[in-house]
Amino acid sequence: MNENQCRDCGVPTPAGSPEGLCPNCLLGAGLGDSSDGQAGAETSARPTEFVPPTPSFLARHFPQLEIIDLLGQGGMGAVYKARQIKLDRLVALKLIRPEASDDPAFTERFNREARTLARLNHPHIVAVHDFGEITLPPEDETGARVLYYFVMEYVEGGNLRASIRAGSNHQRAH
């Protein structure tokens, strides 16, 4: 296999593709999908119901953003439409489910994958502008909870899973 082919599925890749993966396989790896490289695979059932924070609650933790609306939630967490105040641009704020931080290897993996995703520049992958974590005040004596997040390019339309299922592969507008 040559250096411009995905090491997992063999499709052509842009020069300098992170980890030698095509966008689809890289996204699948970042989402924790199985090693077959298929993005959007169903996730296993979660032990607890994830209740996304309200936009007004998040506004206290993200003063650089105007949280506009909850766009949706799923197996990975929740996504909000927001506006970066200083840059006056729309962004998507993606919160990862709090249960993910219970995994000791999660923080290292999250940081590595966020940096990898932020280096991608491809018309079929949304840009990652920022990432990090916020510590929430403890609700009881069990201690504080951590929420990991991505601030990403906002793209009007449906979610990735729905697009994949519909067979849509539209290039995002620049």
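Is Asp-88 buried or exposed in this structure? In the predicted model examined here, Asp-88 is exposed, and its relative accessible area comes to 57%. This residue makes a convenient starting point for a tour of the charged pairs.

Side chains of opposite charge can pair when their charged atoms come close. Across the whole structure, a search finds 4 salt bridges. One of them links Asp-88 to Arg-83, with a distance of 3.1 Å from N to O. Arg-83 also takes part in a salt bridge with Glu-66, where the closest N and O atoms are 2.9 Å apart. Here the two partners come from separate strands: Glu-66 belongs to strand S1 (residues 65–73) and Arg-83 to strand S2 (residues 77–84), so this pair ties together parts that are 17 residues apart in sequence.

How accessible are the two partners in that strand-to-strand pair? Arg-83 is partly exposed, at a relative accessible area of 23%. Glu-66 is likewise described as partly exposed, with a value of 37%.

A further salt bridge joins Arg-97 and Glu-99, and its closest N and O atoms lie 3.3 Å apart. In this pair, Glu-99 counts as partly exposed at 23% relative accessibility, whereas Arg-97 is buried, with a relative accessible area of 7%. Arg-97 falls in the buried class because that class covers values under 20%.

Returning to the earlier residues, salt bridges that share partners join Glu-66, Arg-83 and Asp-88 into one network. Arg-83 is the shared partner, bridging to Glu-66 and to Asp-88.

Notes: Residues are numbered from 1 along each chain as its sequence is written. This is a predicted model: local features need pLDDT of at least 70, side-chain atom pairs count only at pLDDT 80 or more; totals for chains, interfaces and linings use all residues. Side-chain values use heavy atoms; hydrogens and water are left out. A salt bridge is a side-chain nitrogen of Lys or Arg within 4 Å of a carboxyl oxygen of Asp or Glu. Helices (H or I, at least four residues) and strands (E, at least two) are DSSP runs, numbered from the N terminus. Buried means under 20% relative accessible area, exposed over 50%, partly exposed in between (1.4 Å probe, protein chains only).
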